[in-house]
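Got your viewer open? Let's take a walk through this protein, one selection at a time.

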Amino acid sequence: MPWSFKIARIAGIEVRIHVTFFLLLAFLGSAYGREGGASAAFSGILFTCLVFGCVLLHEFGHAIAARRYGIRTPDITLLPIGGVARLERMPDNPMQEVVVAIAGPLVNVAIAAVLWIYLMIAGGLHEMTSISHFAASLPVRLLAVNVGLVVFNLIPAFPMDGGRILRAVLAMRMDYARATNIAASIGQACAFAFGMFGLLSHPMQPMFVLVAVFIYFGAASEASLAEMKSVSAGMRVQSAMVTHFRALTYDATLDQAVETLLSTSQHEFPVVDADGKVHGLLTRDDLIVALRKSGPDGLARDAMRVNIPCVHPTMPFDRAFAIMQESQCPALPVLDSAGKLVGLFTPENVGELMMVHSALAKSRKAAGTPGGPLPPPLPVR
């Protein structure tokens, strides 16, 4: 995720923090400091860090459950509004998705149970009646937070865990895309309610508005991904790859790269040697940065991205799309069995293909054509 950096690697999973997280700490430290001085600021920041520690454990719950089904989690990123575990994919089996989704809240249940037992032994449960501000002890407030995390995450709306559980349950009875659309619609309705509450509260609650924006776009994204998965079922990379493209030679200068950029509609260019072997990918943004540093006589290969993943024309479409997302690469070279560059797999072409197939599907539905596989994809080049 942009603007995030690695702070640890635990069980093979990178733990990252978004820079805006520190803005949250600064804001809360300042707010608590004005209310109770330096000690209150320190206590507030410590409490916030412990809360996000619970959030991190919540995300590890998802990651460990997903690993049980052979699904990797490259990283977990902490944001001001929570944590995001970037799973390679969600399980195709609805029951497995339920397990992965509910694993996170169950971690918070376990944390709350441990804190409850501790407070019961220590005789601190009576403080549960005064959990506002700093009237209660740290364990009591953490217990309340974990209970709140369980309740909030189990709201049956995307992109919360409850929405994924709802989608999985619905997917046992109906089409996956339709189940996702229902859960996403509920998520967007919840987002609207959160947003209105935040805006109409006195004083205004900006955190509710921020959460509403996150939920709304998260739900929309899930619906789009589900539609893509439904439309692309059984498709291969060769159905969506760009076959008319330009490549840069290994000794090409940045000036030559600029000429190629301006004479085509491409934004990404494979860099190949005399034998046609792909050595990297030069993007438009990297080209502009390199021009400022090295001038037009610099070499394109010095600015290209290396160690980029390549895909095969017969690779399943959804697998290639997952690789593109995981690598955060703006385009993937497509190599045939002999290692020859035969195409580019780009988000733009994927989007165009989805629009074509969506239009075909709607046309068939409007005409009352019986279901079944869609006709071969129209050429999108």
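Start with a surface view: about 20,000 Å² of the protein is accessible, and carbon and sulfur atoms account for 64% of that. Keep in mind that you're looking at a predicted model. Now switch to cartoon, where you can pick out ten helices and nine strands. Of the protein's 381 residues, 43% count as buried.

Time to go inside. Select L56, F60, I76, L78, L87 and V100: within the largest nonpolar core, which has 23 residues, these touch the most other members. Next, colour β2 (13–18), α1 (20–67), β3 (75–79) and α2 (94–122), since each of them supplies at least two residues of this core. Which element gives the most to this core? That's α1, with eleven residues.

Zoom in on F60. Leaving out neighbours within four places in sequence, F60 is in contact with I10, I13, V15 and I76. Then head over to another core, apart from that one: it has 21 residues, and M241, F317, V334 and F345 are among them.

Last stop: show α2 together with helix α4 (residues 161–171). Their axes come within 9 Å and cross at roughly 165 degrees. An angle over 145 degrees counts as roughly antiparallel, so that's how α2 and α4 run relative to each other. The crossing of α2 past α4 is left-handed. To see where they meet, turn on side chains for P94, E97, V98, A101, I102 and P105 on α2, and for D161, R164, I165, R167, A168 and A171 on α4; these residues make the contact.

Terms used. Residues are numbered from 1 along each chain as its sequence is written. This is a predicted model: local features need pLDDT of at least 70, side-chain atom pairs count only at pLDDT 80 or more; totals for chains, interfaces and linings use all residues. Side-chain values use heavy atoms; hydrogens and water are left out. A nonpolar core is a set of buried Ala, Val, Leu, Ile, Met, Phe, Trp, Tyr and Cys residues joined through side-chain atoms within 4.5 Å. Buried means under 20% relative accessible area, exposed over 50%, partly exposed in between (1.4 Å probe, protein chains only). Helices (H or I, at least four residues) and strands (E, at least two) are DSSP runs, numbered from the N terminus. Contact means heavy atoms within 4.5 Å. Accessible areas come from the Shrake-Rupley method with a 1.4 Å probe; for residues, only the protein chains shown count as cover. Axes are lines fitted to C-alpha atoms, for helices over the stretch in contact, and angles run from 0 to 180 degrees between N-to-C directions. Angles under 35 degrees count as roughly parallel, over 145 as roughly antiparallel, 65 to 115 as roughly perpendicular and the rest as oblique. A crossing is left-handed if the near helix is turned anticlockwise from the far one by less than a right angle, and right-handed if clockwise.
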